[in-house]
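Visitor: Please pick one part of this model and take me through it closely. I want names and numbers, and I would like the pieces connected.

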Amino acid sequence: MSAHAQVHGVEDHHDDHGHHHKETFVTKYIFSQDHKMISKQYLITGLFMGVIGILMSLLFRLQLAWPDHKFTIFEIFLGKWGTDGVMDPSIYLALVTIHGTIMVFFVLTAGLSGTFSNLLIPLQIGARDMASGFLNMVSYWLFFLSSIVMLFSLFVEAGPASAGWTIYPPLSALPQAIPGSGAGMTLWLSSIAIFIASSLLGSLNYIVTVINLRTKGMSMTRLPLTIWAFFVTAIIGVVSFPVLFSAALMLIMDRSFGTSFFLSDIYIAGEVLHHQGGSPVLFEHLFWFLGHPEVYIVILPAMGIVSEVMATNSRKPIFGYRAMVASILAIAFLSTIVWGHHMFISGMNPFLGSVFTFTTLLIAIPSAVKAFNWITTLWKGNLQMNTAMLFSIAFVSTFITGGLTGIILGDSALDINVHDTYFVVAHFHLVMGISALYGLLAGVYHWFPKMFQGRMMSKKLGYIHFWVTSIGAYGIFFPMHFVGMAGLPRRYYSNTAFPYFDDLADINVVMTIFAIVTIAVQVVFLYNFFHSIFYGKIGPKNPWNATTLEWTAEVKHIHGNWDGPIPHVYRWAYDYSKLNKDETDYVIPGQDFIPQHVPLQDNEDELDH
Amino acid sequence: MTAFLVVLVIILFGISVWQMSRIFQLAQVKPSIHSEIASDKDNNTNGYLMMGFLAFMYILAILSFWLWGDVLLPESGSEHGSKIDNLMLISMIIIFLVGILTQWLLHYFAFIYRGNKTKRATFYADNDKLEFIWTIIPVIVLAGLIIYGLFTWTDIMNVDKDDDPLIVELYAQQFNWKARYGGNDNTLGEANVRLIEGVNQLGVDPADPNGKDDIVVTELHLPVGRKVLFKMRSQDVLHSAYMPHFRAQMNCVPGMITQFAFTPTVTTAEMRQNDKIVDKVARINEIRREKSVGLAAAGEEPLDTYEFDYMLLCNKICGISHYNMQMKIIVESEEDYKAWLATQPTLSEQLSK
């Protein structure tokens with residue numbers, strides 16, 4: 001406790017001479033208020049949760065491919081739900097539920113946005129730290145607590161939440177309906193409530209930091225696209241996460257205090273419940289009011305990272321900077337008015353379905369602009385195939401493939417027959433799951449030297465990791481579209497109850513084999529990551545020859561980032577391969593980039609981007 | 001002396017060669033690149049692999065269609081279904097064209113512009129004209145799709161009462177389906193879960209005269225060519241009535257009545273003759289025969305031979321047996337349907353038993 005108290009005693013402001021404090025192990029590695037350490041904490045917690053989430057998917061992929069086979073691995077991991085190697089149907093539903101929850105919230109929201117917003121916002125805007133280091137620390141520890149609660153829920157007697165990650169009531173409200181809706185669901189809701197508090201504290205901090213702490217000369221139009229993406233992501237989070245909180249609160253009341261927000265006319269386990277007048281459709285509205293913006297909370301930071309990594313490694317400015325910013329803003333705005341496309345056949349008024357079809361297909365326009373701009377960024381570049389660059393290119397590929405099938409799902413008439421089938425599963429895994437993971441991995445490979453004091457990850461292992469992953473990801477999710485279009489619903493423990501689907505068995509086997517290989521190669525990544533933390537080769541201060549401010553900061557982590565004064569900014573973040581007035585050489589001879597803190601040179605034109 | 005001079009010359013020559021080689025060595029720009037940063041060789045290898053990956057994607061797509069093209073649903077068994085299929089086909093063609101083109105551009109650029117020490121990237125920051133073009137093209141294409149889609153959607157969802165549709169209630173509960181016909185008056189009696197009692201499992205109001213002739217069944221029979229208006233109810237949790245062969249789906253929500261209407265156009269007997277279905281059934285039975293051999297060896301019951309039937313599935317997670325919540329649908333001629341219905345007891349008959 002004394003250590004904890006000390007944290008509060010630490011002065012939070014710095015003068016420009018980089019004054020440092022004595023730090024103890026606890027203040028440096030555990031209750032740290034330094035954004036760089038918090039970012040690493042987010043990343044490692046996120047990776048840990050990711051390992052669990054992905055191993056869960058391995059278990060249910062095995063079940064789907066060989067439903068009649070007995071797997072000892074089920075008995076080892078699932079205990080009483082895997083007796084004799086046969087997976088229990090209820091634990092199958094629990095696995096898909098927790099897999100979804102962990103991947104969406106704990107890995108792709110906290111692990112992605114939490115890691116890179118924390119690392120890059122202060123470093124790239126030229127700030128000593130977040131606006132509030134203390135709130136930032138609280139934000140991480142709330143996330144940690146919510147992860148613990150979520151993991152704890154795996155061990156309750158009746159099993160973890162198993163109503164799907166969308167936890168639609170009444171299934172999620174009534175323990176009579178499914179065992180996982182007992183203590184497991186209570187813990188799920190508690191965990192998510194804590195998670196929302198964490199996310200809000202983090203987001204408010206990001207917003208305030210970007211607005212107030214930009215260094216001299218860093219106007220909004222000179223911000224790197226990463227910062228724009230994190231900034232707008234935080235705004236969407238602040239707008240939509242509280243709505244999920246209210247939905248969770250109302251669900252808790254329906255479950256525990258006998259209210260009827262979402263329940264009405266229910267006869268279950270031989271008796272009529274007293275609930276009257278509520279509507280599950282209301283819950284769906286509240287859930288998706290967060291749920292849809294959530295997919296953009298997941299994908300926008302990845303887009304920002306990809307834009308940055310792609311420009312740097314193409315040695316070219318990002319194409320259409322203003323259009324990229326405008327499309328981020330357009331996507332953010334539209335993302336809050338498209339939630340109904342998850343509910344075309346929920347029983348809501350068909351006219352509302354028409355409205356949501358319209359807004360949904362609108363959102364394809366800024367997405368298309370972004371994809372074309374990325375492709376044009378590559379055009380006539382001098383592409384440096386670092387691992388981060390490969391993942392960025394693959395991001396554009398999966399984003400296009402997954403995004404295109406969105407045109408089908410967003411069209412209410414077409415949605416009727418593919419709704420809730422594997423077609424949807426394939427679509428969202430490619431467009432937000434795999435794509436956002438690629439964004440996360442690109443970010444890790446690119447900023448690893450910044451996170452771990454100049455050490456670099458092995459490029460050879462990186463290449464192996466990349467190529468196997470990118471082939472595997474398509475191998476899993478491309479065939480999955482066929483399963484969906486054959487009419488197979490998702491969340492089926494087994495399709496053996498329908499002989500009609502018997503001929504899908506070999507597709508399921510193919511998908512599972514690709515999944516096993518893809519999951520196995522992630523071990524290479526984990527080894528590369530942890531090995532490089534301690535034994536990675538120390539690289540140059542600015543290994544990728546990037547223009548942004550984080551590479552001017554000290555390699556060794558100091559509280560305050562820059563030992564001397566904070567650099568001022570004189571140009572945008574994308575002066576790659578800019579030529580001098582005579583077009584004889586680069587502006588700085590022999591160097592194909594001009595860092596943001598370099599003043600305008602005599603031999604260059606000032607361009608309006 | 002001469003020997004000394006010769007040795008001296010040789011030594012000096014040796015030194016000068018060594019010095020020259022040093023000069024060449026120093027004059028040469030040392031490869032300053034760090035071993036974990038992509039070298040030109042890496043750029044080259046990965047550039048070629050990008051083209052390889054493009055080929056992999058195209059081959060995967062072609063292979064998938066070749067191997068699994070026949071698992072897809074057959075032609076629609078309902079009137080509106082062909083409109084959906086048509087729109088689906090148009091959307092798919094657009095998607096594939098755009099997909100093939102953009103993936104090609106992406107990977108081809110990644111290949112052709114792979115980095116090299118001697119290359120110089122082009123500083124190309126924006127071009128309003130280009131960006132306008134690729135904003136307006138999606139706008140036009142999507143506008144077309146939206147308009148087509150919305151007309152189709154409105155057409156499907158708006159039920160014209162003048163069509164005199166057959167009224168059928170689909171009743172969902174964990175984990176089975178029931179259907180209730182309106183009887184001679186084609187009107188369903190009022191119902192509520194609070195009235196569930198004994199054989200009255202659907203909670204039909206015994207006081208409602210409309211309910212007397214209602215008929216509750218566990219196998220859905222539909223007359224071909226007549227519009228059917230389904231009224232959906234659920235007694236416990238959310239379910240979704242999914243009839244993939246009719247391109248029909250609607251959630252069943254406790255506390256409210258949802259609806260969906262379609263006109264079946266192909267009888268079960270006709271669908272069993274459909275080429276795709278014939279092939280599919282043959283394939284499935286082949287798989288089942290192979291499996292039965294294994295089962296017989298293990299001393300277990302062999303699998304039944306499969307025959308095609310339309311089906312109603314639950315497509316909203318509803319509990320442990322969600323994966324096995326189904327009802328058989330039979331589409332038949334008006335006469336067969338009427339004959340079948342006549343054999344089913346009405347609700348009042350059931351209640352008075």
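Guide: Helices and strands here are DSSP runs, with at least four residues for a helix and at least two for a strand, numbered from the N terminus. Keep in mind that the model is predicted.

Start at one loop. Arg247(B) sits in the loop between S6 and S7 of chain B. Its phi is positive, about 55 degrees, although the residue is not a glycine. Most residues other than glycine have a negative phi. Is Arg247(B) buried or exposed? The cut-off for buried is 20 or more other C-beta atoms within 10 Å. Arg247(B) has 26 C-beta neighbours inside 10 Å, so this residue counts as buried.

Now the strands around that loop. S6 and S7 belong to an open sheet of 5 strands in chain B, in the order S4-S10-S9-S6-S7. The pairing in this sheet is mixed. S4 (220-223) and S7 of chain B are the edge strands, and each pairs on one side only. From one strand to the next, the twist averages 20 degrees. A helix joins in: H7 (residues 334-342) of chain B packs on this sheet and touches S4 and S10 of chain B. The direction of H7 makes about 140 degrees with that of S4(B).

Look inside the sheet. Strands of a sheet pair through backbone hydrogen bonds, either parallel or antiparallel. S6(B) and S9(B) pair in the antiparallel sense, over 2 bridges. There, Ala241(B) has Cys314(B) in S9(B) as its bridge partner. S9(B) is also joined to S10(B) (residues 326-332), by 4 bridges, and these two strands run antiparallel. In that pair, Tyr310(B) is matched with Ile329(B) of S10(B). How covered is S9(B)? Mostly: 4 of its 5 residues are buried.

Chain B has another open sheet of 5 strands, with the order S3-S2-S1-S5-S8 and mixed pairing. Its edges are S3 (215-217) and S8 (258-262) of chain B, each pairing on one side only. Neighbouring strands in this sheet are turned by 25 degrees against each other on average, direction ignored. Within it, S1 (residues 166-173) and S2 (residues 176-181) of chain B run antiparallel and are joined by 6 bridges. Gln173(B) stands opposite Asn176(B) of S2(B). The loop between S1 and S2 of chain B holds Phe175(B). A cis peptide bond joins Gln174(B) to Phe175(B), with omega about -5 degrees. Most peptide bonds are trans.

Next, the partner chain. The contact between the chains takes 101 residues from chain B and 110 residues from chain A. Several elements of chain B give two or more residues to that side, including S6 (239-243), S7 (248-252) and S9 (310-314). So the sheet around Arg247(B) comes up again here. Helices contribute too, among them H2 (40-68) and H3 (81-112) of chain B. Which element gives the largest share of the side of chain B that touches chain A? H4(B) does, with 15 residues. By class, this side of chain B divides into 56 nonpolar, 31 polar and 14 charged residues.

Zoom in on H4(B). Two packed helices are described by the angle between their axes and the distance between the axes. The axes of H11 (residues 350-362) of chain A and H4 (residues 128-157) of chain B come within 10 Å and cross at roughly 165 degrees. H11(A) and H4(B) are therefore roughly antiparallel. H11(A) passes H4(B) in a right-handed crossing. On the chain A side, the contact includes Pro350(A), Gly353(A), Phe358(A) and Leu361(A). On the chain B side, Leu142(B), Ile146(B), Trp153(B) and Met157(B) are among the residues of H4(B) that take part. This contact has 9 nonpolar, 5 polar and no charged residues.

One last look, back at backbone detail, now in chain A. Gln453(A) lies in the loop between H15 (422-451) and H16 (459-485) of chain A. Its phi is positive, near 50 degrees, in a residue other than glycine. Gln453(A) is partly exposed, with 14 other C-beta atoms within 10 Å, whereas Arg247(B) is buried.

Notes
Residues numbered from 1 in each chain as written. Chains lettered and ligands numbered in written order. Predicted model: local features only at pLDDT ≥ 70, side-chain atom pairs only at ≥ 80, totals over all residues. Axes fitted to C-alpha atoms, helices over the stretch in contact; angles between N-to-C directions. Parallel < 35°, antiparallel > 145°, perpendicular 65-115°, else oblique. Left-handed = near helix turned anticlockwise from the far one by under 90°. Contact = placed C-beta atoms within 7 Å. Nonpolar A, V, L, I, M, F, W, Y, C, P; charged D, E, K, R; others polar. Pairing = 2+ DSSP bridges. Buried ≥ 20, exposed ≤ 12 C-beta atoms within 10 Å, placed from the backbone.
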